[in-house]
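Colleague: Please take a close look at one helix in this model, then carry on to the parts you can describe beyond it. Keep the reasoning explicit where there is any.

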Amino acid sequence: MYGKVSLLLSGIAMGAATAFAVTHSDLLGHANASASDAYRELNRFGDVYEQVRASYVTEPDDAKLVAGAISGMVSGLDPHSRYVDAAGFQDMQAQTSGAFSGVGLEVTMEGDRLKVVSAIDDTPAAKAGLLSGDMITAIDGKSTQGMPLQQASQKMRGPENSTVTLTVRRGGDAQPVDVKLVRDTIKLSSVRTRKIGGDIAYIRIAQFSGNTFDDFLKAMMEAGADKGGRNLAGFVIDLRNNPGGLLSQAVEVAGALIGRGEIVSTRGRGPDDSLRYSATGGGLVHTKPIIVLVNGGSASAAEIVAGAWQDHRRATILGTRSFGKGSVQTVFPLGDNGALVLTTARYYTPSGRSIQAKGIDPEIVVKQAIPANLNQQDAAGGEAGLKGHLDSQGDTEQGGSSAYVPDNEKDDMQLNAAVELLHGIRKNPSFPAGGAARR
C-alpha cells in the first residue's frame with residue numbers, strides 16, 4: 001500500500017446526501033456487478049496491450065506502454081490529476097521545497113495546448129515578458145500539441161546557463177514568436193516585502209512553497225505587525241498571479257491573521273475523507289487595515305488564503321475574480337516508479353462557499369488598462385474554461401478574469417487603488433474590512 005505524501009492544493013462544496021434503504025443483498029449484488037464490470041474492462045485493456053506488443057511495427061518498450069496507459073487514465077479524470085515518472089517526481093519535490101534549474105513557468109494543458117498559468121517572479125520567463133494566457137506552441141522547435149504536461153515541463157528545465165527556445169502565441173498577435181531563454185536556478189523565495197510611500201507595508205507572495213509561512217511571518221514582523229503596525233497606514237498583500245502550492249503553507253499563512261476559527265475545510269469522496277483546518281492563534285495587526293490583491297492568475301492555495309481572510313473580515317479583497325481552482329491534489333508515491341497526483345477533495349471557505357469553477361469575487365473590483373495587443377489573450381477562462389474540469393456542483397460557473405499586471409508600478413491601477421484607500425484619498429464602503437480602525 002502506497003502512502004500519501006502531501007496535499008498540494010485544495011477543494012469545494014458537496015451536495016446534501018440522499019438517504020436510501022438498502023439491504024445487505026442489495027449491496028452485495030451491486031458490489032459483485034461493479035467488480036464484474038471492472039474485470040471486463042481490465043480484460044479489454046489486456047487484450048489491447050497484448051495486441052500492441054505483438055503487432056506494432058517496431059517492438060514497443062513495455063515500461064513506456066504501461067506509463068502511457070497510466071498517464072492517459074489519470075489525465076482523463078480532470079486537468080490537475082496526472083502521473084509523473086521518477087524524474088518528474090523529483091522535479092515536483094524540488095519545485096515545492098527547494099530550487100531547480102529552468103525558466104520559471106507554471107503551465108497547464110488546455111485541451112491539447114500548453115498554456116502559461118503564470119511566470120514566477122524574477123525568473124527568465126518573467127523577465128522575457130511571458131504572461132498568463134500565453135500559448136506555448138513549440139519547445140526547441142518541437143510542437144507541444146498533445147505533448148504530456150510532464151514532458152513539456154521537463155523540456156523547459158535543464159542545466160543552468162543552457163538555452164531553450166519557446167514558440168509563443170499571444171492573443172491579438174498574427175503569428176507565433178520565438179522567445180529564447182537562458183535557464184537559471186529558480187530559487188523559491190516566495191515572499192518579498194518593501195515599503196510604499198514610507199507608511200504602507202507591501203508584501204508579495206508569489207507561491208506557496210515549503211518556507212512560505214516562515215518568510216511571510218518574517219516579513220510581517222519586519223513591518224511591525226507584532227506591534228500592531230505602529231507608524232503604518234496599513235498592509236497590501238499581493239496574491240496576484242500566485243498559482244498556489246502547498247495546502248499546509250496556505251493554512252499557516254491564513255492563520256497568521258486570524259485569531260481563532262476555521263480557515264478551510266476539505267471534503268472528499270467518503271464521509272471519513274473530510275477535514276477542517278482552523279487557526280489556533282495569531283491575529284496580527286488587528287488595528288491596521290489590510291488589502292489583498294487578487295486577479296485571474298490567483299489560484300488554489302492563494303484562493304484559500306483570500307477566501308479565509310474575506311470570510312473572517314480580516315482583509316478587503318481588491319482586484320478581479322480569481323482563477324477558481326477549488327480542488328485538493330494528493331501525491332501518492334509509487335516506489336521507484338514516480339508518483340500519482342490525484343484530485344482527492346474539494347474545499348470550502350469558512351462560510352461554506354464553493355470556489356470550484358467560480359473563484360473569489362473581490363469586494364472592490366479594479367480592472368487594469370490592458371494593452372490592445374493583449375486584450376484577446378487576457379480574456380482568461382479560468383478553471384471553468386479548462387477541459388474536463390470538476391463542475392461547481394449545481395452553482396453557476398464563472399469564467400476567469402484578467403491576469404495582467406503592468407511592469408511599471410505607476411500603471412498598476414490595482415496597487416494604486418489600494419494605496420489610495422490606505423491613504424484616505426479614495427473611499428469605499430467595503431474598506432476597511434470589519435470596521436478596522438484607521439490610525
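**Helix span, cavity lining and hairpin**

Modeller: Helix α2 covers residues 62-75, and at 1.5 Å a residue its 14 residues should span 20 Å; the C-alpha atoms at its ends are 20 Å apart, so the expected and computed lengths agree. This is a predicted model, and the agreement in α2 is a check on its geometry within that model. At the start of α2, a side-chain oxygen of Asp-61 comes to within 2.8 Å of the backbone nitrogen of Ala-63.

From the helix I turn to the cavities. Four cavities of 30 Å³ or more are present in the structure. The second largest of them holds about 80 Å³ of space. Its lining is made up of 11 residues, and those closest to the centre of the cavity are Lys-115, Val-116, Val-117, Ser-132 and Phe-323. Sorted by class, the lining of this second largest cavity comprises five nonpolar, four polar and two charged residues. Strands β3 (105-110) and β4 (113-119) each supply at least two residues of that lining. The largest share comes from β4, which gives three residues.

One residue of β3 can be described further. Glu-106 lies in this strand. With a relative accessible area of 25%, Glu-106 is partly exposed, because that value falls between the 20% limit for buried and the 50% limit for exposed. Glu-106 and Asn-242 are separated by 136 residues in sequence, yet their C-alpha atoms are 9.7 Å apart in space.

The last part is strand β17. Seven of the seven residues of β17 (residues 327-333) are buried, so the strand is largely enclosed by the rest of the structure. That burial applies to both faces of β17: on one side sit Ser-327, Gln-329, Val-331 and Pro-333, on the other Val-328, Thr-330 and Phe-332, and all of these are buried. The partner described here is β18 (residues 339-348), with which β17 pairs in the antiparallel sense over seven bridges. Within this pairing, Pro-333 of β17 stands opposite Ala-339 in β18. The two strands form a hairpin, with five residues between β17 and β18. In the turn of that hairpin, Gly-335 has a positive phi of about 60°.

Methods: Residues numbered from 1 in each chain as written. Predicted model: local features only at pLDDT ≥ 70, side-chain atom pairs only at ≥ 80, totals over all residues. Heavy atoms only, no water. Helix = DSSP H or I, 4+ residues; strand = E, 2+ residues; numbered from the N terminus. Expected span 1.5 Å × (residues − 1). Polar contact = N/O pair within 3.5 Å; in protein donor to acceptor, adjacent residues only side chain to side chain. 1 Å grid on protein atoms, 1.4 Å probe; cavity = no way out; pocket = protein on both sides within 12 Å on 5 of 7 lines; lining within 4 Å. Points joined across faces, edges and corners; volume = space filled by probe spheres on them. Nonpolar A, V, L, I, M, F, W, Y, C, P; charged D, E, K, R; others polar. Buried < 20%, exposed > 50% of the residue type's maximum accessible area, 1.4 Å probe, protein only. Pairing = 2+ DSSP bridges.
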